[in-house]
Every structure is written in C-alpha cells, then in structure tokens.
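Welcome, and please open your viewer. Let's take a short walk through this protein, from the whole chain down to one helix.

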Amino acid sequence: MELVIYCDGAYSSSREQGGWSFVVLKDNEKIYSNFNGKKNTTNNRMEIQAVIEACYWLKKENYTEVTIFTDSMYVIGTMTKNWKRNKNHDLWKELEDAKSGLNITWTHIKGHSGNKYNELCDTLAVSASKGII
C-alpha cells in the first residue's frame, strides 16, 4: 500500500486571501481531498498550511508513512535542505509538531507541468483563495 499526498497553496492579491489544498492517493487512487481559505496571508504561508493540514489528516486516519509532493521549493528546501526559517515561524513550528511521528518522503514536483493531481490541488487552492471568507 502506497500513500501519496499532493499539497498546494495559492494567494489572491485582489481579495487579500489565500487557499490551501491537499489530495490523498492510496495505491494510485484518490481517496480524499480537502481545501480551505484564509484571510491576510501569503502564498508561502498557504503552501506550509497545506502540508500541516495533510499531516493532521494522516494522524487522524492513523497513517505514518507517506510521500508528499509539493511544487513549493520553499517547503522542500526547508524540509530537506535546512533552509533558514526567516519568516512564518508560527507555521514552521506547527508543521514540526504536526509531522512528529510521521515518516515523510518529501518530493518536489514542477508546478503547472500537467500532473493530474498537482493540477487538481492547484485548482482547489485557487478556488479556496477566491471564495467568500
């Protein structure tokens, strides 16, 4: 059984709000997705929030092993290359707590490159960023 999660974040400057989303695949079949929006945020914060929400879902469903795909080099670099955390300290701390006990393989995927689930995540996150909050 292989569990994979795609995560994405978006930001709408005209509405000053963002959106996050994640899509869960089990054995290459979509089994769950979730998304939501937030006011007064940034795209980077939404990229982190998407991963946090995915980790919470994993724990709620009692999964411990996952491959997370994201098109955010900000997230990938911070999680795998020890990039310095100059901003968003609250969310980085929340992510550290949320991913505790999980075995995550972090994988970068090029955004807008035709990957079905990355595109779905983008659509959901953009939709959430444009919703009424």
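A residue counts as buried here when its relative accessible area is under 20%, and as exposed when that value is over 50%. By that cut-off, 46% of the 133 residues of the protein chain are buried. Keep in mind as you look around that this is a predicted model.

**Stop one: the whole chain.** Select the protein chain and show it as a cartoon. You should find four helices and five strands, running from the N terminus in the order β-β-β-α-β-α-α-β-α. The radius of gyration is 14 Å, close to the 14 Å that the globule rule gives for 133 residues, so the chain is as compact as a globular protein of that length. Along the principal axes, the C-alpha atoms fill a box of roughly 40 × 30 × 30 Å. Among contacts with a separation of 6 or more, 68% join residues 24 or more positions apart.

**Stop two: the surface.** Now switch on the surface. The protein chain exposes about 7,000 Å², with 45% of that supplied by carbon and sulfur atoms. Colour by charge next: there are 17 positive and 16 negative side chains, and the centres of the two sets lie 5 Å apart.

**Stop three: helix α2.** Hide the surface and select residues 73-80, which form α2. Which residues of this helix are buried? They are V75, I76, G77, T78 and M79. To see what covers them, add α1 (43-60), β4 (65-70), α3 (89-98) and β5 (103-108), which are among the covering parts. Finally, click on N82, just after α2: this residue takes a positive phi of about 55°.

Note on methods. Residues numbered from 1 in each chain as written. Predicted model: local features only at pLDDT ≥ 70, side-chain atom pairs only at ≥ 80, totals over all residues. Heavy atoms only, no water. Helix = DSSP H or I, 4+ residues; strand = E, 2+ residues; numbered from the N terminus. Rg over C-alpha atoms; globule rule 2.2 N^0.38 Å. Buried < 20%, exposed > 50% of the residue type's maximum accessible area, 1.4 Å probe, protein only. Contact = heavy atoms within 4.5 Å. Areas by Shrake-Rupley, 256 points an atom, 1.4 Å probe, with all protein chains shown as cover. Lys, Arg positive; Asp, Glu negative; His and termini not counted. Charge placed at Lys NZ, Arg CZ, Asp CG, Glu CD.
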